[in-house]
Amino acid sequence: MLSHKLKIGLAGMGVALAGLAVLSGMPPASADVGEIQGQLQAAAEKGAGYGEAQDPRITAAIIIRAFLGVIGIIFVVLTVYAGATWMLSGGNEEKITKAKNILKASVIGLAIVLSAYGITTLIMNVALGGRNR
């Protein structure tokens with residue numbers, strides 16, 4: 001059997017929940033079901049107001065292309081930096097070597113980015129059935 005303290009605790013929780021339901025303005029369990037269904041139907045027809053739904057594959061393609069574009073910008077910045085370092089080296093072999101290494105690394109990075117872009121475009125064209133946005 002339940003102890004006396006447990007019974008009092010359960011009764012207190014019940015009273016608290018009932019008071020919370022009354023104070024929060026919750027509709028009673030016997031609320032007009034037809035009204036609730038009407039509101040749900042109206043919300044379903046109107047939607048959330050975000051516009052037309054977009055295919056997740058298209059969204060993924062847009063994100064990947066934007067990311068690859070940012071990496072392309074980084075390539076251009078590295079190339080300009082390497083060229084400036086080389087031109088301003090003043091014949092210092094250490095700076096020239098550093099500039100050449102940066103230039104080599106950025107060209108290798110560009111090749112990787114262009115390959116990734118080509119592969120991504122190919123996969124997205126296959127996944128979207130020839131639709132390219």
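Which residues are buried in α4? In this predicted model, they are I96, A99, I102, S106, V113, T120, T121 and M124, where buried means under 20% relative accessible area, exposed means over 50%, and partly exposed covers what is in between (1.4 Å probe, protein chains only). The model being predicted, local features need pLDDT of at least 70 and side-chain atom pairs count only at pLDDT 80 or more, while totals for chains, interfaces and linings use all residues. Residues are numbered from 1 along each chain as its sequence is written, and side-chain values use heavy atoms, with hydrogens and water left out.

As for the overall picture, the protein has four helices and zero strands, so the order of elements from the N terminus on reads α-α-α-α; helices (H or I, at least four residues) and strands (E, at least two) are DSSP runs, numbered from the N terminus. Of the 133 residues, 12% count as buried. The protein exposes about 10,500 Å², and carbon and sulfur atoms supply 71% of that area, with accessible areas taken from the Shrake-Rupley method with a 1.4 Å probe and, for residues, only the protein chains shown counting as cover. Contact means heavy atoms within 4.5 Å; among contacts between residues at least 6 apart in sequence, 61% join residues at least 24 apart.

Confidence is given as pLDDT, the predictor's confidence in each residue, from 0 to 100. Its mean over the protein is 79, and 81% of the residues reach 70 or more. Among the elements, α1 has the lowest mean pLDDT, at 71, and helix α4 (residues 93-127) the highest, at 88.

Now for α3 and α4. With 32 residues, α3 reaches 47 Å from its first C-alpha to its last, close to the 46 Å expected at 1.5 Å a residue; the expected span of a helix is 1.5 Å times one less than its number of residues. For α4, which has 35 residues, the reach is 50 Å, close to the expected 51 Å. The buried residues of α3 are I58, A61, L68, F75, A82 and T85, and what covers them includes α4. Seen from the other side, the buried residues of α4 pack against α3.

Individual residues fill in the details. T85, in helix α3, counts as buried because its relative accessibility is 13%. Leaving aside residues up to four places away in sequence, T85 touches K95 and A99, and A99 is itself among the buried residues of α4. G72 also sits in helix α3, but is partly exposed because its relative accessible area is 23%. From G72 to S106 the C-alpha to C-alpha separation is 9.7 Å, with their positions 34 residues apart in sequence. V80 is placed in helix α3 (residues 56-87) too, and counts as exposed because its relative accessibility is 56%. V80 and L103 are 23 residues apart in sequence, yet 9.0 Å apart in space, C-alpha to C-alpha.

Then there is the surface of α1. L6 lies in this helix (residues 4-23) and is partly exposed because its relative accessible area is 41%. Together with L10 and M13, L6 makes a nonpolar surface patch of about 290 Å². Patches are made of residues with over 30% relative accessible area and no salt bridge, joining like charges within 9 Å and nonpolar side chains (Val, Leu, Ile, Met, Phe, Trp, Tyr) within 5 Å; a salt bridge is a side-chain nitrogen of Lys or Arg within 4 Å of a carboxyl oxygen of Asp or Glu.
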